[in-house]
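Please look at the sequence and the model below, and keep one topic in mind as you read: how the parts of a chain come together in its interior.

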Amino acid sequence: MPTLSDPVTNASNVRLTQTVKAGGCASKLAPGTLTDVLSRLPQQQDENLLVGFESADDAGIYRISADQALVQTVDFFTPMVDDPFTYGRIAATNALSDVYAMGGRALTALTLVCFPQDGDTAVLEQVLHGGLSVMEVAGCTVVGGHSVRDTEIKFGYAVTGMIHPDRVLRNTTAKPGDALVFTKALGTGVITTALKQGRAKQAWVNEAIASMTTLNKDAAEVITRAKFDVHAATDVTGFGLMGHARELAFGSNVELRIDTAAIQVLDGAIDAIRLGCIPGGLLANREFAECIVNVQSSSISDDVRTLLFDPQTAGGLLVSVRAEHADVLVNELQAAGYPNTRRIGEVLAGRPAISLV
């Protein structure tokens, strides 16, 4: 009998990326569209709702007692890789990330599945099995779920976690003088687009999968240690580094200065861009965020600028931390299993903007 960490092996040989129009977080609605709609919705009044959707934060926070609050999030998307088991692992890693970005601990999850009525159920079994294998590692219990017939496969989870109400990490509380630390390399969106187009080298795909299946759990445990004065955090996913940095800048009413040379890049990401493997989500992110991005160095190539808007699946944590703690934080994150962690910039007083140097 297989364990939760073992893939099932009786699924048909199907390329999942060929069954959908867009894969992973690149399949999400454009950030501009979503922001426009949400801005017109009424705000609910509840003194226990500590974080709602008004600040475009990573998860909702609802206080249930003086020292306990729920962290709630939901995330699901179409396949960005061909192997069903790996797709399930990536979807689970991505869904859990929002809890970790808030500094929380994941407790339970509900499965969300969209699957063709006449689809190969062995494929569905592998997807579910892959997700469960990650949930087991995360210590998060899957308690049920819901399924819907759909011509395109979609999979993910609604996750509930816990946190102390006074220890929530938000994307609205970065402070001038902070350093910016980022924990993963960029490029999963363009590489998986190259995979879908049949133009990706296997080595590129392997490195992207390794990134997309690395839980942010251990990173969250590091950044929430009392010795680090972390003021704000967010995970970089579908809106790309610039889209999520935009939310951090506007939410905190600060300027962000980012050293693009410090940002780590997955092998093959720049090659994929040069091949023209540009996901639609990247273009939507650029339209949404480029208006506040100021390029202050002529040495930043067009390819690197493009990559900054790439929609990431299960991307890294972007952390705003007291500057004197940043180097030690980077060292401890690298030691915890995030070798691409770098100090990539600083937070400045000023109107919301992103300056690239």
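In this predicted model, tyrosine 87 is in contact with residues from several parts of the sequence, even when its neighbours within four places are left aside: these partners are Leu16, Phe77, Thr78, Pro79, Met80, Val81, Val127, Ile153, Lys154 and Phe155. Tyr87 also belongs to the largest nonpolar core, where it is among the five residues that touch the most other members.

**Nonpolar cores**
- The largest nonpolar core holds 84 residues, and Leu96, Val159, Met242 and Leu318 join Tyr87 as the members that touch the most others.
- Helix α2, which covers residues 84-101, gives the most to this core, contributing eight residues.
- A second core, separate from the largest one, has 18 residues, including Val230, Val319, Val321 and Ala326.
- In soluble globular proteins, nonpolar side chains tend to be buried together.

**Overall fold**
- The chain's secondary structure comprises 11 helices and 13 strands.
- The radius of gyration is 19 Å, close to the 21 Å that the globule rule gives for 357 residues, and therefore the chain is as compact as a globular protein of that length.
- Of the contacts between residues at least 6 apart in sequence, 86% join residues at least 24 apart.

**Burial, surface and charge**
- Buried residues account for 54% of the 357 residues in the chain.
- The chain exposes about 15,200 Å², of which carbon and sulfur atoms supply 50%.
- There are 28 positive and 39 negative side chains in the chain, and the centres of these two sets lie 3 Å apart.

Conventions:
Residues are numbered from 1 along each chain as its sequence is written. This is a predicted model: local features need pLDDT of at least 70, side-chain atom pairs count only at pLDDT 80 or more; totals for chains, interfaces and linings use all residues. Side-chain values use heavy atoms; hydrogens and water are left out. Helices (H or I, at least four residues) and strands (E, at least two) are DSSP runs, numbered from the N terminus. The radius of gyration is taken over C-alpha atoms; the globule rule is 2.2 Å times the number of residues to the power 0.38. Buried means under 20% relative accessible area, exposed over 50%, partly exposed in between (1.4 Å probe, protein chains only). Contact means heavy atoms within 4.5 Å. Accessible areas come from the Shrake-Rupley method with a 1.4 Å probe; for residues, only the protein chains shown count as cover. Lys and Arg count as positive and Asp and Glu as negative; His and the chain ends are not counted. The place of a charge is taken as NZ of Lys, CZ of Arg, CG of Asp or CD of Glu. A nonpolar core is a set of buried Ala, Val, Leu, Ile, Met, Phe, Trp, Tyr and Cys residues joined through side-chain atoms within 4.5 Å.
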